[in-house]
Amino acid sequence: MEGKRQLEKRDFGKRLSLDSSLVEYMDSNKYIEHLLTQLEEQHRNLWREKLAVARLQREVARSRREGTMHEKLIHELEEERHLRLQSEKRLREVTLESERSRVQMRGLQQQFSRYTLCAIWIDHITRCRGL
């Protein structure tokens, strides 16, 4: 009986040893699976970060182009404003010159009318004397 108990204890110990090895094996498999899961998660996170970096790089490039375009537009607007101011100044000068010419033309027309009237009077007087 005593021998049988020792055999049972030994078998139990072997089973316990096998069971603990199995548990360790299962634990190590779970740990490997856990590590693989972490690795996959890190890979997904890395992929997401790469996508985010690429998106930000595109956005930076676009904003640089827009910044350059914005500066170009501001320069063109300033140039257009300068040209408009020059045109308005020239328009005022031409309008003033036109008004002066109109006044001068009116004066010349009045003077011509007086000369014509005088010429008619002189012609009339000379005809009258010649009679």
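A residue is called buried when its relative accessible area is under 20%, exposed when it is over 50%, and partly exposed in between. Keep those words in hand for the close-ups below, which all come from a predicted model.

**Figure 1. Arg62 reaches Glu66 in a salt bridge.** Begin with Arg62, whose relative accessible area of 41% makes this residue partly exposed. Its partner is Glu66, which is also partly exposed, at 42%. Look for the closest N and O atoms of the pair: they are 3.3 Å apart. Where do Arg62 and Glu66 lie? Both belong to helix H1, four residues apart, or about one turn of the helix. Side chains of opposite charge can pair when their charged atoms come close.

**Figure 2. Glu99 and Arg102 form a salt bridge with a spacing of three residues.** Here the closest N and O atoms are 3.4 Å apart. Glu99 and Arg102 both sit in helix H1, three residues apart, which is again about one turn of the helix. How accessible is Glu99? Its relative accessible area is 37%, so Glu99 is partly exposed. Arg102 is partly exposed too, with a value of 42%.

**Figure 3. The side chains of Asp123 and Arg127 meet in a salt bridge.** The N to O distance in this view is 3.2 Å. Asp123 and Arg127 are separated by about one helical turn because they are four residues apart in helix H1. Is Arg127 buried or exposed? Arg127 is exposed, with a relative accessible area of 57%. Asp123 has 33% relative accessibility, so this residue counts as partly exposed. The pairs in Figures 1 to 3 are among the six salt bridges found in a search of the whole structure.

**Figure 4. Ile32, Leu36 and Leu39 make a nonpolar surface patch.** Together, these residues form a patch of about 280 Å². Where is Ile32 placed? You will find Ile32 in helix H1, which covers residues 2-130. Why can Ile32 belong to a surface patch? Patch residues need over 30% relative accessible area, and Ile32 has 44%, so Ile32 passes that cut-off. With that value, Ile32 is partly exposed.

**Figure 5. Cys118 and Cys128 are partly exposed cysteines.** The relative accessible area of Cys118 is 42%, so this cysteine is partly exposed. Cys128 counts as partly exposed as well, at 41% relative accessibility. A disulfide is a covalent bond between the sulfur atoms of two cysteines. How many disulfides does the structure hold? The number is zero.

**Figure 6. One helix and zero strands set the scene for the close-ups.** Step back now from the single residues: the protein contains one helix and zero strands. What share of the 131 residues is buried? Buried residues make up 0% of the protein. Its exposed area is about 13,000 Å², and carbon and sulfur atoms supply 59% of that area.

Conventions: Residues are numbered from 1 along each chain as its sequence is written. This is a predicted model: local features need pLDDT of at least 70, side-chain atom pairs count only at pLDDT 80 or more; totals for chains, interfaces and linings use all residues. Side-chain values use heavy atoms; hydrogens and water are left out. Patches are made of residues with over 30% relative accessible area and no salt bridge: like charges are joined within 9 Å, nonpolar side chains (Val, Leu, Ile, Met, Phe, Trp, Tyr) within 5 Å. Accessible areas come from the Shrake-Rupley method with a 1.4 Å probe; for residues, only the protein chains shown count as cover. A salt bridge is a side-chain nitrogen of Lys or Arg within 4 Å of a carboxyl oxygen of Asp or Glu. Helices (H or I, at least four residues) and strands (E, at least two) are DSSP runs, numbered from the N terminus. Buried means under 20% relative accessible area, exposed over 50%, partly exposed in between (1.4 Å probe, protein chains only). A disulfide is a pair of cysteine sulfur atoms within 2.5 Å.
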